[in-house]
Amino acid sequence: MKKIRLAIIGCGGMGHRHMYGLAELHRAGWDRFELVAACDPVISNAESLAKQAEERLGKKPTVVTNLDELAKVNVNAVDVTTTPPYHHTVAVETLERGWHTMVEKPMGLTVRACNLIRHAADRSDVVLSVAENYRRDPINRLAKALLDAEVIGKPRFLMHHAIGGSNRMLISVWRHQKNQSGVLLDVGVHYADMIEYLLGEVETVYAQTRLHEPIRHNPAAVTGDSGSNPAGVYTEWQRKMPAEFKATAEDAAYATLTFKNGTVGQYIEDHGAWGKGSWTRQIHGAKGSMTLPGDRSGGVISLQIDGHGTIEDEKLLDMVPDFRLDAVTTDLFEGDRLWQYHLPFTDTDAKIIAIEYGDFAEAIAGKRTIEVDAYQGTRSVAISYAMLESGATGQIVHVDDMLNESINTYQREIDDGLGI
């Protein structure tokens, strides 16, 4: 099979993590991509990714600094891992150039930016994929199967709580800036996608939002070490960031969600909380409840079902005898019916990004429909902003009104800054 000529556009921390995922996919025997270019206006970033790609993939991709140079490399597909303000400008152009495009989350910096990508994808005959990774965790796949089998009955109530963070920088300065992708968007889109993956579409949001910690601290600038450094790839950049900076984006949301299927959700995402941190994703249904482990942890789902007691071991698989992971995930995790796994985070991170690439390759080959498309990517951004819009206006917000851009009190300033 002819290989897909791929370029990574945006060679910072996320671009490096994606390249590690691509190398992991190749290691598992799925070598449908050939990484032919690393593109970044900061040439040192592109050189770093290209050098490490040569070590992992056996061939150094061409280093370029813009899309015109990239066109000369004759690419078929691109992976857009720039910072969020550039997602829509890059993705719209790559789609118009006829390149299959995978774009990191959040798909766009605002709902309007997402809609620009959606419209470009609709006009194009190439594949647009959103690189949403949490749902691809094998344990979350099992959770979805258990819910679809109605093991806990019809869902009634969701609790999703992610609480912690104090006043420390989350990975980078830009994740605390309203005009760059505040933390409630950058992290919230993961949670929004997971919630809809498990329970279907959210209908309304009513939220209170806060900026608890207006001054954030970056320990990497002082000690050289950071507590927020997924896969350990951000150290080089974090040490160059300021030790203390002003945050402009809200860091906490407390919300009530309603779903189209009648489920009600209680949602807390607080990145400025002190003291004991908390993680909860729990779903109560008509026959029992399900408590999920943290995403990408390999932890075990706990079921409590009337008449069966607590199930939190291999007996989970007995509840869904037809459950099977897809071929790519099976090869990466060495099993098609997983109920737990034990891996270092760096390995898990690479494997789950590899699954994104596998899905992308299969869709390009016409063997499947892309799993997280432009519509779903836009929905995740719309739900995250629905909380911020509700917090700004004090009103219940309908997600459909977010999607059609009839509500943009909070986003207007960001859209104006983007010139859209």
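This tour visits an open sheet, a set of salt bridges and a charged surface patch in a predicted model.

**The sheet**

Begin by selecting the open sheet of nine strands, whose pairing is mixed. Its strand order is β16-β15-β14-β13-β7-β12-β11-β8-β17. Move next to the two edges, where β16 and β17 (397–398) stand. Each of these strands has a single partner, so one side of each is left without a neighbour in the sheet.

Stay at the β17 edge and select strand β8, residues 202–210. Strands β8 and β17 pair in the antiparallel sense over two bridges. To view the pairing at the level of residues, display T204, which stands opposite H398 in β17.

**Salt bridges**

The whole structure contains 31 salt bridges, and several are worth displaying in turn. Select helix α6, residues 138–148, and show the side chains of D148 and K144. These two residues form a salt bridge, with the closest N and O atoms 3.4 Å apart. Because D148 and K144 are four residues apart in the helix, about one helical turn separates them. D148 counts as exposed, at 53% relative accessibility.

Next, select D186 and R175, whose side chains meet in a salt bridge of 2.8 Å, N to O. D186 belongs to helix α7 (residues 183–186), whereas R175 is in the loop between β7 (155–165) and α7; the two are eleven residues apart. Is this pair buried or exposed? D186 counts as buried at 5% relative accessibility, and R175 counts as buried at 7%.

Proceed to E196 and R379, another pair joined by a salt bridge, again 2.8 Å from N to O. E196 lies in helix α8 (residues 188–199) and R379 in helix α13 (residues 374–393), so the contact ties together parts that are 183 residues apart in sequence. E196 is buried, with a relative accessible area of 6%, and R379 is buried, with a value of 0%.

Then select R135, R136, R141, D193, D359, R368 and E371 together. Salt bridges that share partners join these residues into one network.

**The negative patch**

Finally, turn to the surface and select E312, D313, E314 and D318, which gather in a patch of negative charge. E312 is located in the loop between β16 (309–311) and α11 (327–333), and this residue is partly exposed, with a relative accessible area of 47%. The strand that precedes this loop, β16, is one of the two edge strands visited at the start.

Technical notes. Residues numbered from 1 in each chain as written. Predicted model: local features only at pLDDT ≥ 70, side-chain atom pairs only at ≥ 80, totals over all residues. Heavy atoms only, no water. Patch = residues over 30% accessible without salt bridge, like charges linked within 9 Å, V, L, I, M, F, W, Y side chains within 5 Å. Areas by Shrake-Rupley, 256 points an atom, 1.4 Å probe, with all protein chains shown as cover. Salt bridge = Lys/Arg side-chain N within 4 Å of Asp/Glu carboxyl O. Lys, Arg positive; Asp, Glu negative; His and termini not counted. Charge placed at Lys NZ, Arg CZ, Asp CG, Glu CD. Buried < 20%, exposed > 50% of the residue type's maximum accessible area, 1.4 Å probe, protein only. Pairing = 2+ DSSP bridges.
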